[in-house]
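Got the model open in your viewer? Let's take a walk through it, one selection at a time.

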Amino acid sequence: MRRRRFSVQALLWLASAWALLVAGGASATWCIARSGAPTKTLVAGLNYACSPAGGADCAPIQAGSGLCFLPNTLAAHASYAYNSAFQRSGAAPGACDFAGTATITITDPSYGSCTYPASPSAARSGSTTSRPPPGTSNDDSNQPDLGPDSEAETRVAVGGATSFMSLALSCFVYLHLR
């Protein structure tokens with residue numbers, strides 16, 4: 001009898017968790033520059049993110065026309081570029097490192113008319129041209145590879161709370177409803 005009652009509770013829990021997933025229980029994540037990161041490493045990370053290898057859309061941080069140019073600080077520009085590269089990579093956890101100068105946050109860093117993409121699809125729907133950040137050159141030949149440590153890291157699936165909830169539901173069902 002205990003087994004049957006537990007199964008009903010498990011089904012109720014499963015239904016509640018599924019409702020959360022369907023209702024948008026997942027939270028967005030952004031990749032931003034760590035405060036106190038060394039200037040030289042931030043510059044290298046920004047250059048990498050805005051290079052073709054990094055894949056970021058750096059048009060919004062360009063002087064004159066970029067909606068995210070101000071504040072004109074290295075940390076602000078690096079944060080935007082890091083997030084753009086991170087989102088365009090499918091929001092894989094290894095894609096938000098940039099030699100240790102980046103971190104993932106659940107707090108939206110957008111401000112005023114500057115909107116940070118909150119998903120891979122939003123990042124891809126922006127401009128497709130990748131221009132170098134202000135005050136840098138187009139020569140990437142001497143830039144260090146600051147991307148993910150391995151291709152496997154890039155393929156790790158992260159969907160924030162959705163992935164966690166899916167895994168938790170799968171484990172729960174496996175352990176308690178078999």
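Start by selecting Ser79, which sits in helix H3, the stretch covering residues 74-88. A quick note before you zoom in: this is a predicted model. Is Ser79 buried or exposed? Its relative accessible area is 10%, and since the cut-off for buried is under 20%, Ser79 counts as buried.

Now show what surrounds Ser79. Leaving out residues up to four places away in sequence, Ser79 touches Cys31, Ile32, Ala33 and Tyr116. Pick Ala33 from that set and turn on its backbone: the nitrogen there lies 3.0 Å from a polar atom of the Ser79 side chain.

Keep Ala33 on screen and add Phe98. How far apart are the two in space, C-alpha to C-alpha? The distance is 8.8 Å, although 65 residues separate Phe98 and Ala33 in sequence. Phe98 belongs to the loop that runs between H3 and strand E2 (102-105). Color by accessibility and Phe98 shows up as buried, because its relative accessible area is 3%, against a cut-off of under 20%.

Phe98 is also your way into the largest nonpolar core. That core has 27 residues, and those touching the most other members are Cys31, Ala49, Ile61, Ala81, Tyr82 and Phe98. Select those six together. Then color the elements that give two or more residues to the core: strand E1 (30-33), helix H2 (39-50) and H3. Which element gives the most? H3 does, with 6 residues. As background, nonpolar side chains in soluble globular proteins tend to be buried together.

Next stop, Ala81. Again leaving out residues up to four places away in sequence, Ala81 touches Leu46, Ala49, Cys50, Ala56, Cys58 and Ile61. Two of these contacts, Ala49 and Ile61, also appear among the core residues that touch the most other members.

Finally, zoom out and switch to cartoon. The chain has 6 helices and 2 strands, and from the N terminus on you can trace them as α-β-α-α-β-α-α-α. Of the 178 residues in the chain, 33% are buried. Draw contacts with a separation of 6 or more, and 80% of them will link residues 24 or more positions apart. Last, put the surface on: the chain exposes about 10,000 Å², with carbon and sulfur atoms supplying 60% of that area.

Definitions and conventions: Residues are numbered from 1 along each chain as its sequence is written. This is a predicted model: local features need pLDDT of at least 70, side-chain atom pairs count only at pLDDT 80 or more; totals for chains, interfaces and linings use all residues. Side-chain values use heavy atoms; hydrogens and water are left out. Helices (H or I, at least four residues) and strands (E, at least two) are DSSP runs, numbered from the N terminus. Buried means under 20% relative accessible area, exposed over 50%, partly exposed in between (1.4 Å probe, protein chains only). Contact means heavy atoms within 4.5 Å. Accessible areas come from the Shrake-Rupley method with a 1.4 Å probe; for residues, only the protein chains shown count as cover. A polar contact is a pair of N or O atoms within 3.5 Å; within protein, one must be able to donate a hydrogen and the other to accept it, and residues adjacent in sequence count only if both atoms are side-chain atoms. A nonpolar core is a set of buried Ala, Val, Leu, Ile, Met, Phe, Trp, Tyr and Cys residues joined through side-chain atoms within 4.5 Å.
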